[in-house]
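Grab a pencil and work through these short exercises with the viewer open. Try each task before you read its solution.

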Amino acid sequence: MSIELSLEYFPPKTPDMEQRLWRTIEALTPLNPRFVSVTYGAGGTTRDRTHATVARIRAETMLEPAAHLTCVGATTQEIDAVARQYWQAGVRHIVALRGDPPEGIGERYKPYPGGYAFAADLVAGLRRVADFEISVAAFPETHPEALSPAKDLDNLRRKLDAGATRAITQYFFDPDCFFRFRDRARAAGITAPIVPGLLPIANFTQACSFSQRCGARVPDALHRRFAGLDADPAARQRAAVETAAEMIHALVRGGIDALHIYTLNRAELTRAICAAAGIGPSGAGRVAPSPVRAVGD
Ligand code: FAD
């Protein structure tokens with residue numbers, strides 16, 4: 001079967017990082033992604049850098065860029081103006097998010113005065129600005145602030161009803177948790193594509209600490225796999241590639257036809273994962289289901 005791939009980048013902070021990002025974008029272009037998305041820093045801190053990166057991708061490559069946009073720290077008029085600039089620059093795809101509180105994940109979220117309160121409101125606002133393709137976030141393990149899994153699913157439905165066409169999930173390390181979520185969404189009548197998000201484990205300690213804050217469970221098997229590898233970068237890289245490739249194979253066996261990779265702007269790791277999973281480099285990714293066991297099995 002073939003996989004529709006999308007790749008996520010973050011906007012560079014320094015000229016060095018910018019060069020590295022462009023080398024990464026170039027190196028991963030042969031994977032033929034359906035779109036490449038550029039994140040929007042927490043608290044809206046990267047607004048200009050996100051815009052510059054997305055506009056440059058539009059102007060200088062054949063890739064389809066998708067700009068992440070959040071509700072944080074701006075009024076509806078300011079956000080609508082950013083969206084209009086994107087449309088004028090030829091950008092047709094927005095990943096519409098609420099964003100996390102500027103004080104950090106886990107702090108209490110307060111809607112910005114005069115701003116869009118939640119992602120569903122932002123989606124509705126973007127629809128009024130122009131005919132964007134809109135992707136939204138979904139949470140297989142339930143968003144940490146949601147009142148219940150059912151209410152979180154209602155929220156996903158509201159975002160899709162407001163005009164989003166696809167959900168991209170928060171990363172997870174147990175494929176079964178994605179499948180259970182997809183089944184619940186389908187049972188609740190949600191028919192839009194739900195694209196699994198894959199986080200390569202470039203740094204296990206950091207991945208664990210971030211997962212704790214965003215509610216992604218790290219299976220014991222992963223702790224065992226990465227134990228004792230701190231001083232061995234080559235072994236860590238091998239473990240990261242094997243873990244991700246096993247996840248992809250498990251997801252393919254479960255019938256996914258699209259995959260979003262949080263690349264962390266790392267060309268070599270992303271390429272190695274795709275190669276190990278049988279994705280690309282020419283044309284749409286082709287992945288042969290493999291008998292390997294997934295990490296969460
Ligand atoms: P929402 O859909 O608004 O939901 C947030 C929470 O509020 C949920 O618990 C929901 O159940 C609840 N809720 C929704 N509506 C209501 C209501 N009316 N009343 C009460 N509760 C409600 N963050 C960034 O800052 N920049 C990025 O570029 C970025 N990219 C991301 C990309 C992906 C694919 C994903 C999965 C996440 C990304 N994030 C990004 C993180 C995201 O902003 C956070 O996870 C955020 O906490 C939730 O965003 P959301 O769009 O899902 O919010």
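**Exercise 1.** Find where Asn32 sits in the chain, then say what its phi looks like and how exposed it is.

*Solution.* Start with the place: Asn32 belongs to the loop between H1 and strand E2 (35-38). Keep in mind that you're looking at a predicted model. Next, check the backbone: phi of Asn32 is near 60°, a positive value in a residue other than glycine. Last, the surface: relative accessibility comes to 42%, so Asn32 counts as partly exposed, given that the partly exposed class lies between 20% and 50%.

**Exercise 2.** Do the same for Asn265: which loop holds it, and is it buried or exposed?

*Solution.* Look between E8 and H10; the loop there holds Asn265. Its phi is positive too, about 60°, although Asn265 is not a glycine. Now the accessibility: Asn265 has 5%, so it counts as buried, since the cut-off for buried is under 20%.

**Exercise 3.** Work out which residues of helix H10 (residues 267-277) are buried and what they pack against.

*Solution.* Step one is to list them: Ala267, Leu269, Thr270, Ile273, Cys274 and Ala277 are the buried residues of H10. To read a pattern like this, recall that an α-helix has 3.6 residues a turn, so residues three or four places apart point the same way. Step two is to see what they meet: the buried residues of H10 pack against H1, H9 and the strands E1 (2-9), E7 (194-198) and E8 (258-262). Step three, look just past the helix: Gly278 follows H10, and its phi is positive, near 80°.

**Exercise 4.** Describe how H10 packs against H9: what is the angle, and which residues make the contact?

*Solution.* First the geometry: the axes of H9 and H10 come within 8 Å and cross at roughly 45°. That makes H9 oblique to H10, and the crossing is right-handed. On the H9 side, the contact uses Gln237, Ala240, Val241, Ala244, Ala245, Ile248 and His249. H10 brings Glu268, Leu269, Ala272, Ile273, Ala276 and Ala277. Sort them by class and you get 10 nonpolar, 2 polar and 1 charged.

**Exercise 5.** Now take H1 with H10: are they roughly parallel or oblique?

*Solution.* Begin with the axes of H1 and H10, which come within 9 Å and cross at roughly 20°. Angles under 35 degrees count as roughly parallel, so H1 and H10 are roughly parallel to each other. This crossing is right-handed. For the contact, Thr24, Ala27 and Leu28 of H1 meet Ala267, Thr270 and Arg271 of H10. That splits into 3 nonpolar, 2 polar and 1 charged.

**Exercise 6.** Turn to the other partner of H1 here: how do H1 (residues 15-28) and H2 (residues 47-60) pack?

*Solution.* H1 and H2 have axes 13 Å apart, at an angle of about 40°. They are therefore oblique to each other, with a right-handed crossing. Glu18, Leu21, Trp22 and Ile25 of H1 touch Thr53, Arg56 and Ile57 of H2. The classes come out as 4 nonpolar, 1 polar and 2 charged.

**Exercise 7.** Which residues touch the most other members of the largest nonpolar core?

*Solution.* The largest nonpolar core has 69 residues, and Leu126, Leu156 and Leu259 touch the most other members. Helix H9 (residues 233-253) gives the most to this core, with 8 residues. Apart from it lies another core of 23 residues, including Phe35, Ile168, Val218 and Ala239.

Notes: Residues are numbered from 1 along each chain as its sequence is written. This is a predicted model: local features need pLDDT of at least 70, side-chain atom pairs count only at pLDDT 80 or more; totals for chains, interfaces and linings use all residues. Side-chain values use heavy atoms; hydrogens and water are left out. A nonpolar core is a set of buried Ala, Val, Leu, Ile, Met, Phe, Trp, Tyr and Cys residues joined through side-chain atoms within 4.5 Å. Buried means under 20% relative accessible area, exposed over 50%, partly exposed in between (1.4 Å probe, protein chains only). Helices (H or I, at least four residues) and strands (E, at least two) are DSSP runs, numbered from the N terminus. Axes are lines fitted to C-alpha atoms, for helices over the stretch in contact, and angles run from 0 to 180 degrees between N-to-C directions. Angles under 35 degrees count as roughly parallel, over 145 as roughly antiparallel, 65 to 115 as roughly perpendicular and the rest as oblique. A crossing is left-handed if the near helix is turned anticlockwise from the far one by less than a right angle, and right-handed if clockwise. Contact means heavy atoms within 4.5 Å. Ala, Val, Leu, Ile, Met, Phe, Trp, Tyr, Cys and Pro count as nonpolar, Asp, Glu, Lys and Arg as charged, and the others, Gly among them, as polar.
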